[in-house]
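Please take a look at the protein shown below. A short report on its fold, its interior and a few chosen residues comes after it.

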Amino acid sequence: MLKELVGKEKVTGVKQSSRAVRSGLAREVFLANDADPALTAPLLEQCRQKEIPVCQDYSMRQLGQAAGIQVGAAVVAVLDNL
């Protein structure tokens, strides 16, 4: 399991993660290496502009399991502790 996601405040999915990046709440973003690039490319660019670290080392299945959901996740964003 991804130790980086265990016990952390996080959101899953492209829309929620993109919203977290835009609002400055995302500390790190995990993009699945087998997700559709048409979905993840805009978020990747958004992260680069905001200088948010991006990890692309895991599959959708691995990210979904680490996030505690029953399906694969294209994106998981770890949120800053407020």
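The report goes from the overall fold to the core, and then to single residues.

## Overall fold

This is a predicted model. The protein has 3 helices and 4 strands. Read from the N terminus, the elements follow the order β-α-β-α-β-α-β. The radius of gyration is 11 Å, close to the 12 Å that the globule rule gives for 82 residues, so the protein is as compact as a globular protein of that length. Along its principal axes, the C-alpha trace spans about 30 × 30 × 20 Å.

How much of the protein is buried? Of its 82 residues, 39% count as buried. The accessible surface comes to about 5000 Å². Carbon and sulfur atoms own 49% of that surface.

Sequence distance matters for the next value. Take the contacts between residues at least 6 apart in sequence: 79% of them join residues at least 24 apart.

## The nonpolar core

Which residues touch the most other members of the largest nonpolar core? They are Leu5, Val29 and Leu63, and the core holds 26 residues. Several elements supply at least two residues each: helix 1 (14–22), strand 2 (26–31), helix 2 (37–50), helix 3 (60–67) and strand 4 (75–79). Strand 4 gives the most, with 5 residues.

Val29 shows how such a residue is surrounded. Set aside its neighbours within four places in sequence. Val29 is then in contact with Val21, Leu43, Cys47, Ile52, Pro53, Val54, Cys55, Val75, Val76 and Ala77.

## Two cysteines, no bond

Two of the contacts of Val29 are cysteines, Cys47 and Cys55. A disulfide is a covalent bond between the sulfur atoms of two cysteines. How many disulfides does the model have? The count comes to 0. Cys47 is in no disulfide, and its nearest cysteine sulfur, that of Cys55, is 12 Å away. Why is Cys55 not bonded either? The closest cysteine sulfur to its own is in Cys47, and 12 Å is too far for a bond. The cut-off for a pair of sulfur atoms is 2.5 Å.

Both cysteines lie inside. Cys47 counts as buried because its relative accessibility is 0%. Cys55 also counts as buried, at 12%.

## One aromatic pair

A pair of aromatic rings is described by the distance of the centres and the angle of the planes. The model has 1 aromatic pair. Its rings belong to Phe30 and Tyr58; their centres are 6.4 Å apart and their planes stand at 45°, so the pair is tilted. Tilted pairs fall between the stacked limit of 30 degrees and the edge-to-face limit of 60.

Where do the two rings sit? Phe30 lies in strand 2, and Tyr58 in the loop between strand 3 (54–55) and helix 3. The pair therefore ties together parts that are 28 residues apart in sequence.

Are the two residues buried or exposed? Phe30 counts as buried, at 0% relative accessibility. Tyr58 has 22% and counts as partly exposed. The dividing value is 20%, because buried means under that figure.

## Three buried polar residues

Ser18, Gln46 and Ser59 come next. The table gives the place and the relative accessible area of each residue.

| Residue | Place | Relative accessible area |
|---|---|---|
| Ser18 | helix 1 | 12%, buried |
| Gln46 | helix 2 | 14%, buried |
| Ser59 | loop between strand 3 and helix 3 | 16%, buried |

What do these residues touch, leaving aside neighbours within four places in sequence? Ser18 is in contact with Leu43 and Gln46. Gln46 is in contact with Ser18, Val21 and Arg22. Ser59 touches Ala32, Asn33 and Asp34.

Two C-alpha distances add to the picture. Gln46 and Val21 are 25 residues apart along the chain, and their C-alpha atoms are separated by 7.4 Å. Ser18 and Val75 are 57 residues apart along the chain, with 9.2 Å between their C-alpha atoms.

## Summing up

The chain forms 3 helices and 4 strands. Its largest nonpolar core has 26 residues, with Val29 among the three that touch the most other members. The model has 0 disulfides and 1 aromatic pair.

Note on methods: Residues numbered from 1 in each chain as written. Predicted model: local features only at pLDDT ≥ 70, side-chain atom pairs only at ≥ 80, totals over all residues. Heavy atoms only, no water. Buried < 20%, exposed > 50% of the residue type's maximum accessible area, 1.4 Å probe, protein only. Core = buried A, V, L, I, M, F, W, Y, C linked by side-chain atoms within 4.5 Å. Contact = heavy atoms within 4.5 Å. Phe/Tyr/Trp six-rings, centres within 6.5 Å; stacked < 30°, edge-to-face > 60°. Rg over C-alpha atoms; globule rule 2.2 N^0.38 Å. Areas by Shrake-Rupley, 256 points an atom, 1.4 Å probe, with all protein chains shown as cover.
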